[in-house]
Each structure stands twice: as C-alpha cells, then as structure tokens.
Amino acid sequence: MNGQGERMDGKAISTVGILGAGLMGHGIAQIFASKGFRVRIHDVDRAMLEAVPQRIRDNFRVFVELGLARPEDVADCLDRIALCDHVACAVADADLVVEAVTESLAVKVRVFEEVERHVPAAAVLCSNTSAISISEIARCLQHPQRFLGTHFWNPPHVVPCVEVIKGEETSEQVFEGVVELMRRLGKEPVRVLKDVPGFLGNRLQHAMWREAVALVADGIADAEDIDKVVKYGFGLRCAMLGPLETADLAGLDLTHAVHQYLFPHLNADTSPSPLLQDLIAQGRLGVKTGQGFHHWTRQQAQELIQKRDSVLLRIMELIRPQRG
C-alpha cells in the first residue's frame, strides 16, 4: 500500500483536519476536540468558519444544563480548535481528515484532489457523505486504500451513531482502525461492509419518508397525524428496539404474514413524489422558507431543535450500555 494509511492505529491519532464548517462540520470538530484531539477546520465561506466557536458554545448549552458538561469544558474544547483559511493549513499535519462539504460528488472530488497534495502519507481520509458512493469518490484518489466513509448523523455532537463505510479498495486495517476510533470518541459505530447508495440509515429512513409522503398525497392523513403516529406510536420504541429485534419479539411467522398481506399495498415509486415536487415549485422548502408540510416560525424551529437535543441526550443516558 506504499505506506498510505497502512499503519492506521486509532490510538496514534492526535490531529484531525475537518473540511467544511457548516451543519455537520462544526459539530464533528466539537466531538474530536471534546475528546482531547487537536482540530484544524477549514471552510471556503469565511463567515461560516468564523461562526464555528459560537455555534459550538450554543451546542454545549444543553449539555451544561443537563449536567453532562461543565462550563470549563466549553473553553477547553474551543482551545483545541484552530480556524484555517486554506485546505493546506487544515490537513498538513493531520493524522485523520474528515470531509463535510456540500453533498456533491464533483465538489468532494475537487476537495480530496487538493487534500492529497498536502496531507501526510500516513493520514487516513474520511467523507461524511450521507449517500454518495465511497468507491466513486475514491476513484479520484492516488491512494484509495486509506479512504472510507464516516457518516455522522445530525446533530453529530448528540446522535451517537456513525456509519463506517468500506469502499471497494479500503484497507481492512484502516476500516477497523476507524471503527475503534469512533468508539474512543464515545460513538456507536456500525460497519457498512458493502458500499451501497444511502448506506444503512438513509435507506431505512427514506423508505419510511416515501411512504409518509405518499399517504399525505393520497389524502389518507395530513402531515400532522403522519408525524404523530411515528412520534407517539412505533417511533417511541425505536430508541430501544431496532426493526429486526421488534420482528423477533413479534414472531417471524407473524411478520411474514403481515408482509404477505401489506407489501402489495405499499408505495413503490422509483422517483420522488409529485407532491414533493409541487411543494418545492411553490417555494415551500420547510423551515428555511417558513412552510413545507408544516408552517414554521424561526422561534418554533429553534425551540424544537433545543427540545430535540435535550430529549435525545436524556434518552441516551438511559439506554446506552456502560463501557468498562
């Protein structure tokens, strides 16, 4: 492997480069810095980059309120994060690089082509893409064996799951080393052994969203009641039980019988719903425009996000296994 990433050892990593400071990047920087890693973060948008410290302070507020962090932890975290004007500054001494730029194959390819010109030979390269093929991104790389996916879930500083995705040429040492690194971060890594579109979580999530949009489009229920049946119905147990655990508890014979009856009636569209396209054409894009399936004010959205983070952190305190 010509030395590229072949000595991957999660315990040897001390400096992390983060590319992209937006929705995911600043939270990923917070995760690493909170665990004692030195972090270098870059974004082409200077305003976005300069907003990182305040966004991290805002992220910490709920942790402090719940007694999960101390005020001095915020300062310690920020002290370990350096803002970088250029890609080279962020990756030149990095042991690990995490890309969290816009979800565009062309953009990611350009970023990694530049990264390879500046990054150390032994550095491991990761993409936070939520759906783009890891193997397709890797085709631009000179050393694809050190490249893999690390899909953090939003908000990354709260949600513990990280999908670790093996590309066609990802080294086994690199793959397992990153899985172990995620554990050191306090995350719950899941191994995605084959690079498929959407990986695990988004395939499951968007299958449900397809059905939800279809139910609204067919006039079977409105958006509010669709959301209620998830939040106050089966969604409640999803924090404790996965779908296959639930199937085992119900009995696979019963599961088979329900599937046999129900599957022919489920939506099986292979393109986005016309309803979704109509809403977009009307400028109803969700929170960003004040209206989507629901009506929103900025205050409502902010309050919901704060409540979400608080509830998720409380749930995780109850259900996460204690590690020795």
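Student: In this predicted model, which residue meets the side chain of Arg146 in a salt bridge?

Tutor: A salt bridge requires a side-chain nitrogen of Lys or Arg within 4 Å of a carboxyl oxygen of Asp or Glu. For Arg146, the N to O distance to its partner is 3.6 Å. That partner is Glu116.

Student: How many residues apart in sequence are the parts that Arg146 and Glu116 tie together?

Tutor: Arg146 is placed in the loop between helix 7 (134-138) and strand 6 (147-152), whereas Glu116 belongs to helix 6 (residues 105-118). The pair therefore joins parts whose separation in sequence is 30 residues.

Student: Is Arg146 buried or exposed?

Tutor: The class buried applies under 20% relative accessible area. Glu116 falls in that class, and Arg146 is likewise buried.

Student: Which residues are linked with Arg46 in a network of salt bridges?

Tutor: One contact of Arg46 is a salt bridge with Asp85, at 1.9 Å from N to O. Arg46 lies in helix 2 (residues 46-50) and Asp85 in the loop between strand 3 (81-84) and helix 5 (87-91), so this pair connects parts 39 residues apart in sequence. The network of Arg46 also includes Glu50 and Asp85.

Student: What is the relative accessibility of Asp85?

Tutor: Its partner Arg46 is partly exposed, with a relative accessible area of 38%. Asp85 also counts as partly exposed, and its value is 47%.

Student: In which helix do Lys228 and Glu224 both lie?

Tutor: Lys228 and Glu224 form a salt bridge, with their closest N and O atoms 3.9 Å apart. They are four residues apart, about one turn of the helix, and both belong to helix 10 (residues 223-238).

Terms used: Residues are numbered from 1 along each chain as its sequence is written. This is a predicted model: local features need pLDDT of at least 70, side-chain atom pairs count only at pLDDT 80 or more; totals for chains, interfaces and linings use all residues. Side-chain values use heavy atoms; hydrogens and water are left out. Helices (H or I, at least four residues) and strands (E, at least two) are DSSP runs, numbered from the N terminus. Buried means under 20% relative accessible area, exposed over 50%, partly exposed in between (1.4 Å probe, protein chains only).
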